[in-house]
Amino acid sequence: MNIITEKYFYSENKAFWETKRKEYSERLDMQSKALRELPEDEQKQGLEELDAKTAQLLSPLLPLPDKICTIIDPSKYDNFRKLVDESIAFAEERVANLQIFTADCAGCICFAGEEITCFAEQMDIFRKLNAAADEVHIAPSVNTGEKSPLDIEGGVRLEFWFDFFHQVRLE
């Protein structure tokens, strides 16, 4: 296995974000309880005020270019790390070359070999990779002379690309 870069964004910040999530959840629960105790017309007014306050707090950040907001998703990175472990085991068992790398907020799991075959019970790893990946590329592999695990002349290359973020279009 040849990992070019490993970044543990999620692991290093997990405790911090769990604390923030707990604080936010408690505050949200208190606000929801107080809001439910109000008459219906006051609930609507309270929600409108909350929306206005949220818009006011976020206004220094808006408008974003093209009105698209990029949000880092630690759970996507965590899922990628789990799939990395399963991919290593699969590549070792099926004797396939493997390259795993991350760059910025994306990661890739690449398999290469003369042929990549598996037993029916091993298809689960490809189902998981396909379901979780943002892009999947299947192509012939070519020896580029870079001496990487993907340099196999006349073989096949499977690439599963993951974005550790999602984008939301603002209205």
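Modeller: Let's start with contact: it means heavy atoms within 4.5 Å. Keep in mind that this is a predicted model.

Colleague: Okay, so among contacts in the protein chain between residues at least 6 apart in sequence, what share joins residues at least 24 apart?

Modeller: That share is 69%. The chain itself runs β-α-α-β-α-β-β-α-β-β-β, with four helices and seven strands in total.

Colleague: And how many of the 171 residues count as buried?

Modeller: The figure is 24% of them. As for surface, the chain exposes about 12,200 Å², with 53% of that coming from carbon and sulfur atoms.

Colleague: Give me a single residue to practise on. Is Ser87 buried or exposed?

Modeller: Buried means under 20% relative accessible area. Ser87 is at 0%, so it counts as buried. You'll find Ser87 in helix H3, residues 74–94.

Colleague: What does the side chain of Ser87 reach?

Modeller: The backbone oxygen of Leu83, at 2.8 Å. Leaving aside residues up to four places away in sequence, Ser87 also touches Leu98, Ile109, Phe111, Ile125 and Leu129.

Colleague: Now a charged one. Where does Asp73 lie?

Modeller: In the loop between strand S2 (68–72) and H3. Asp73 is buried, yet it has no salt bridge.

Colleague: Which side chain of opposite charge is nearest to Asp73?

Modeller: Lys76, 5.3 Å away. A salt bridge needs the side-chain nitrogen within 4 Å of a carboxyl oxygen, so a pair beyond that cut-off isn't counted.

Colleague: And which residues does Asp73 touch, not counting those up to four places away in sequence?

Modeller: Phe164, Phe165 and His166.

Methods. Residues numbered from 1 in each chain as written. Predicted model: local features only at pLDDT ≥ 70, side-chain atom pairs only at ≥ 80, totals over all residues. Heavy atoms only, no water. Helix = DSSP H or I, 4+ residues; strand = E, 2+ residues; numbered from the N terminus. Buried < 20%, exposed > 50% of the residue type's maximum accessible area, 1.4 Å probe, protein only. Polar contact = N/O pair within 3.5 Å; in protein donor to acceptor, adjacent residues only side chain to side chain. Areas by Shrake-Rupley, 256 points an atom, 1.4 Å probe, with all protein chains shown as cover. Lys, Arg positive; Asp, Glu negative; His and termini not counted.
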